[in-house]
Every structure is written in structure tokens, then in C-alpha cells.
Amino acid sequence: MVKARKYVVKNYFEGYPKREDYEIVEYELPPLKNGEVLVKVEWVSVDPYMRAYNSRKTLPYDQSGFQVGLVEESKDPRYPVGSRIISHSGWCDYCIIKTFNSSETIWDPYKLPKLQGLSNSLAIGALGMPGATAYFGFLEVCKPKAGETVVVSGAAGAVGSLVGQIAKIKGCKVIGFAGSDDKVKWLEEIGFDRAINYKTADIAAALKEAAPNGVDCYFDNVGGEVSNSVISQMNTGGRISVCGAISSYNGPSGATGNIPLMTVLYKQLLIQGIYVDRWFDRLDELIKDGTEWIKSGKLQPREHITEGFENIFDAFVGMLKGDNYGKAVVKL
Ligand SMILES: NC(=O)C1=CN([C@@H]2O[C@H](COP(=O)(O)OP(=O)(O)OC[C@H]3O[C@@H](n4cnc5c(N)ncnc54)[C@H](OP(=O)(O)O)[C@@H]3O)[C@@H](O)[C@H]2O)C=CC1
Ligand SMILES: CCCCCC(=O)/C=C/[C@H]1[C@H](O)CC(=O)[C@@H]1CCCCCCC(=O)O
């Protein structure tokens, strides 16, 4: 019998999640059935949606989340002992994964893609769900052209830092918004033409100065005041990919600001909300381009690594508060 631990959410969050909103439950895993594998979890992801979806769930619930796991016992020949599996099995240290419905949706388990020697953690970051969000959500919706001006909010985070770098690969001018001067410095080091600290700058004035000819593409991770300012400065025919609205997740629900609809109208802007799920069947395209770009140094995926099962909660709240540069992951 294998003993496992998992995080169970007991409460609806008020403001930032609190440690007492979670309980760590220890339990014994049952024997494996056909079509199941026993997995030792190696990497766990902490993501903003875990905050945003809390109010929609029935309590109590097991905290979901992507993870990379090592197969220690197998009753599915497709996943032999010693192989690795990506699944949405949540914050736990051991688990049993049902493999029968592999790879039908983004929440089904799938084999760790071939990462050519890169860290397996990238499979839940730049070469996994957040990477696919950046790659498809930006390229398919914003359809950037070389020379265009691209703005990214949440630019120093997992998705945003990739979008900005992909935009540079595509020959665009890139401006990012992030929450500290040190993040601004890092973004400029990895190739952003300009980064702006949204907490201290006059957002509209700083953007006007950084993008005197207006904005063609906007990849929005945050909503709120930043988005209102950016949308107000879009050029005719501009494209906006609405990926997230984290400025509203920890506060009163729906507090995403006022979209300047008259600008949308007279600039004929395209605004599209995206859910990465819809591109999941094209993950191989991300893996191909992403590994190539990383290996050649064109894309530098940064990870903010916290160690230890007991520290997953702290990593989660730290990410919500902006501690992370790039993808926040936990190594068990
Ligand atoms: N649509 C989809 O399919 C998907 C959507 N998403 C969305 O993408 C966004 C980014 O996710 P992800 O890259 O994983 O997370 P990040 O790695 O960007 O981490 C969250 C970041 O949000 C920033 N932040 C926190 N509070 C605020 C605020 N009030 N205003 C502005 N920024 C804030 C912090 O950076 P800072 O220091 O700069 O404030 C923090 O680092 C989220 O909105 C998420 O929900 C993610 C994956 C899939
Ligand atoms: C309502 C807030 C929108 C948040 C946008 C966002 O971050 C979406 C992320 C999803 C992405 O499309 C793929 C995912 O895995 C993320 C959502 C996962 C939803 C599962 C929620 C239910 C659960 O906790 O089991």
C-alpha cells in the first residue's frame, strides 16, 4: 500500500487564499486496476485559474493542477514503469491515474513529450499548457506581422514572458507591463523593447511614450486599468487576445474595468477571448517550435521553482502576489 498526500480546498477564498482554506489529507492508495498507473509526482504547477475557479466549485474539492509524474507501477503498457506522464491530477505527492481516456482533452493524461534534454518541468510550463496559451493564443488571434507594435500585460509571468519573446521572434516591437522595476529590468534583458511598471507609472502616458505610433496587438493577461489604457491606444484594425483578467481574481468578482467600446467601434478592433483547450490537439506544433527556439537561445523560459510538497500553498499565493518571474512550479 502506498501512502499519498493531497491538498483539499475547504473554503471559498476571500481575497488571497489562506493556508487554513486548505487541508493536507493523508490516505492510502488502493491496489491498481487495469488501465491505471501509480505515479510519484515530481513537478506540480500553481496557476491563476486555481484562484479564479474556486467560487465555481462545490466544497470540499481536491485542488486540481497540472503535474509531471514518474510511473512507478503500471497496468497500462502504453505507460511502462519508469516513463513519465503529464496529467491534471492536482497537488498531491502520489496518485493513481486512469489512463484509458488519454489525450482526448487537455485534462486527460498524456506521455511526457520528447524534450531533447530540456527540463521535464517545461512540460507544465513553456512546453505545456501555459506555453500553448502563449503560442496559439498570440499567433492565432493577434496574427502579428513583423514591424507591428505588440503590448503584453502580465509580461513577466509564465504566459506573458513567452508571448513577448515569441513576438520578438516574429519581428515585432514589444512592450510589456509588469509589477516591479526588477521585472522591468529582466524583461528588457530578454529582449522586450520596453517594459513598464504598472504599479508606479502613469500607465497611459508611459505607453504613449513607448508606442508613439499606437498599438497593433494586445495580449491581455490582467484586465483592469492597464487594459483600458492599452485598448484606448490601439490602431485601426488592432487585434486583442483576452487570455486572463488576474487583476480581478482576488478582488470583487467581475472588477475588470470599463472596456472603451467606442474605441473598439471606430478603430474596428478584434477582441477575442481564448481558452487554450481549443488548440490542445496541436500541442506538437508548440513542442517542435518551442524546443527549437529554446535550444537555439531565441526563447528563454524562466522558471520560479519552489521546493517541497509542504510549500505548494506558499508558491501558489506567492505567484498570485507577483513573486514569480516566468512559470511558478513546485519540485517535489
Ligand atoms: N485563457 C486560458 O486558456 C489561460 C489563461 N491564463 C491566464 O493568463 C494569465 C497569466 O497566467 P500565468 O502566466 O499562468 O500567471 P503568471 O505567471 O503571470 O502569474 C501571475 C502574475 O499576475 C500578476 N498579477 C497579480 N495581481 C495582479 C494585478 N492586480 N494586476 C496585474 N497583474 C497582477 C503578477 O505579476 P506582477 O508582478 O506583474 O503583478 C503575477 O506574477 C492569468 O490571467 C491566467 O488566468 C493562463 C493559462 C491559460
Ligand atoms: C474564470 C477565470 C478564467 C481564467 C482563465 C484561465 O486561467 C484558464 C485556464 C484554463 C486553461 O484553459 C486550461 C486549464 O487547464 C485552465 C482551466 C482549468 C479549469 C479547471 C477548473 C476545474 C478544476 O479545478 O478542476
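This report walks through the domains, sheets, core and a few unusual backbone spots of one protein chain.

The model is predicted, so local features are given only where pLDDT is at least 70 and side-chain atom pairs count only at pLDDT 80 or more, while totals for chains, interfaces and linings use all residues. Residues are numbered from 1 along each chain as its sequence is written, and chains are lettered from A and ligands numbered from 1 in the order in which they are written.

## Two domains

Let us start with the overall layout. The domain assignment divides the protein chain into domain 1 (2-125 + 301-331) and domain 2 (129-277); such bounds come from an automatic or database domain assignment. Between the C-alpha centres of domain 1 and domain 2 there are 29 Å. Where the two touch, 20 residues come from domain 1 and 18 residues from domain 2. Here two residues are in contact if their C-beta atoms, placed from the backbone, lie within 7 Å.

On the domain 1 side of this contact, α1 (49-52) and β16 (327-331) each supply at least two residues. Helices (H or I, at least four residues) and strands (E, at least two) are DSSP runs, numbered from the N terminus. That side is made of ten nonpolar, seven polar and three charged residues. In this count Ala, Val, Leu, Ile, Met, Phe, Trp, Tyr, Cys and Pro are nonpolar, Asp, Glu, Lys and Arg are charged, and the others, Gly among them, are polar.

## The sheets

Next come two open sheets. One has six strands in the order β11-β10-β9-β12-β13-β14, with parallel pairing. Strands count as paired if DSSP finds at least two bridges between them. The edges are β11 (194-197) and β14 (270-273), each of which pairs on one side only. From one strand to the next, the twist averages 15°.

Inside this sheet, β9 (residues 149-152) and β12 (residues 215-220) are joined by three bridges, and V152 has F219 as its bridge partner in β12. Helix α6 (residues 224-232) lies across β9, β10 (173-178), β12 and β13 (234-242), running at about 160° to β12. Axes are lines fitted to C-alpha atoms, for helices over the stretch in contact, and angles run from 0 to 180 degrees between N-to-C directions.

The other sheet has three strands, ordered β2-β1-β4, and its pairing is antiparallel. Because β2 and β4 stand at the edges with a single partner strand each, one side of each is left without a neighbour in the sheet. The table lists the two pairings of β1.

| Strand pair | Sense and bridges | Facing residues |
|---|---|---|
| β1 (residues 2-9) and β2 (residues 22-29) | antiparallel, eight bridges | K6 and V25 |
| β1 and β4 | antiparallel, two bridges | V9 and Y61 |

## The nonpolar core

Which residues have the most contacts inside the largest nonpolar core? They are F138, V163, Y218 and I312, in a core of 89 residues. A nonpolar core is a set of buried Ala, Val, Leu, Ile, Met, Phe, Trp, Tyr and Cys residues joined through C-beta atoms within 7 Å. A residue is buried if 20 or more other C-beta atoms lie within 10 Å of its own, exposed if 12 or fewer, and partly exposed in between, with C-beta atoms placed from the backbone.

Helix α2 (residues 129-142) gives the most to this core, with eight residues. Domain 1 and domain 2 each add at least three residues to the core. Leaving aside neighbours within four places in sequence, F138 is in contact with V163, I166, A167, F219 and S241.

## Unusual backbone spots

Most residues other than glycine have a negative phi, and most peptide bonds are trans. Against that background, the peptide bond from L59 to P60 is cis, with omega near -15°. P60 sits in the loop between α1 and β4 (61-62).

Two residues other than glycine have a positive phi: K143 near 40° and Q268 at about 50°. K143 belongs to the loop between α2 and β9, and is partly exposed, with 14 other C-beta atoms within 10 Å. Q268 is in the loop between α7 (261-266) and β14, and is exposed, with 12 other C-beta atoms within 10 Å.
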